[in-house]
Amino acid sequence: MSQPAQLFHAGPSPHIRQPESTRRIMLWVIVALLPAALYGVYLFGANAALVLVLCTGFAVVLEALWQRMIGRPMVVGDGSAALTGLLLALNLPPNAPWWMCLIGAAVAVIVAKGVFGGLGQNVFNPALVARVFLLISFPVQMTDYAPPAAPFGTGAAVDAASYATPLAAMKEQLLTSGVLGPLEHGFTRLSGITGNMGGSLGEMSFLLLLLGGAFLLVRRVITWQIPASFIGTVVALTGLMHVIDPARYADPLFHLVTGGLMLGAFFMATDYVTSPMTAKGQLIFGVLCGLLTVVIRLWGGYPEGVSFAILLGNAAVPLIDRYTMPKVFGSTRGKPAKEARA
């Protein structure tokens, strides 16, 4: 008579209950983003505040309507829709019209998240899907950046002519002359740190975004692997190219303080749903995003590459997870656990 197989007994999950909830995590991320968002309002005035309110409000209302329409439980109170709307607003020009906020919110919460099954089921970052959709569909409005006009309330310049971002000015100089020249509007590295430049509403303050990212790391809302490998890859590659040809390639500090690198590395590439699950996978994902960002910025058609890089990285996440997940207990190299027991 054969001996009965020994079984591994385990209680029903969850085995360890964490105090964190989806709502608390979303709240921490929103809190981390608020300094940069408020600084954008300080620089650009009431129009920027309106963009923040409209994008956040539209995202919450549209998600509630979508969940009611398809008959799913109403979970809009978990804060994910509000965070998506806030991130969308921070990726738009500070003078974006109301209808662009509405279309962007609809694309983010319905097309990029709702049709995939809601929070936890989407493949791509919803706010970035909306940003890229708007950029391709309405390129004129999406690149109509107003100059900053501090202090708050004097924002007459918001209605003035468009203002090239430092990355766009760099791209134009390279296309026309093949070398870097003085960037438009007297841009300096200090201008990039203080936010005295053209760009999206949420990418104005390098320091406040860095502070928000540090807050999330301290709260353990995110881990260091993705932002460190993302930013480190951009710094390493742009530094290498700058050493090889300083007349054509800007230094790493320029790439750090301009565009959406800090916003993307700390607040969007680290999205739980659309990033790898393991630490090793997160390092690979961050390096991939950094590499794609550099390729697009230095040799691509668009001056900014963070959004496209993260979305392409999102597409590679299932493959990264497949090859970085720990082996199942009992399995051997090349064989699943069932075959190993046999």
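Several helices help cover the buried residues of helix α10, among them those listed here for this predicted model.

| Covering helix | Residues |
|---|---|
| α11 | residues 252–257 |
| α12 | residues 261–268 |
| α13 | residues 279–299 |
| α14 | residues 306–324 |

Helix α10 itself takes in residues 225–244, 20 residues in all. From its first C-alpha to its last it reaches 28 Å, close to the 28 Å expected at 1.5 Å a residue. Which of its residues are buried? At the start of the list come Gln225, Ile226 and Pro227, followed by Ser229, Phe230, Ile231, Thr233 and Val234, and then Thr238, Gly239 and Met241.

Phe230 leads us on to the largest nonpolar core, where it is one of the residues with the most contacts, together with Leu33, Leu92 and Phe267. That core has 82 residues, and its largest share, 12 residues, comes from helix α1 (residues 22–44). Let's stay with Leu92 for a moment. Beyond its neighbours within four places in sequence, Leu92 is in contact with Val51, Cys55, Cys101, Leu134, Met142, Ser200 and Leu201.

Leu210 is worth a look too. It sits in helix α9, which runs over residues 206–218. Is Leu210 buried, partly exposed or exposed? Its relative accessibility is 35%, so Leu210 counts as partly exposed. Setting aside residues up to four places away in sequence, Leu210 touches Met262 and Phe266. Leu210 and Ala32 are 178 residues apart in sequence, and their C-alpha atoms are 9.6 Å apart in space.

How values were computed:
Residues are numbered from 1 along each chain as its sequence is written. This is a predicted model: local features need pLDDT of at least 70, side-chain atom pairs count only at pLDDT 80 or more; totals for chains, interfaces and linings use all residues. Side-chain values use heavy atoms; hydrogens and water are left out. A nonpolar core is a set of buried Ala, Val, Leu, Ile, Met, Phe, Trp, Tyr and Cys residues joined through side-chain atoms within 4.5 Å. Buried means under 20% relative accessible area, exposed over 50%, partly exposed in between (1.4 Å probe, protein chains only). Helices (H or I, at least four residues) and strands (E, at least two) are DSSP runs, numbered from the N terminus. Contact means heavy atoms within 4.5 Å. The expected span of a helix is 1.5 Å times one less than its number of residues.
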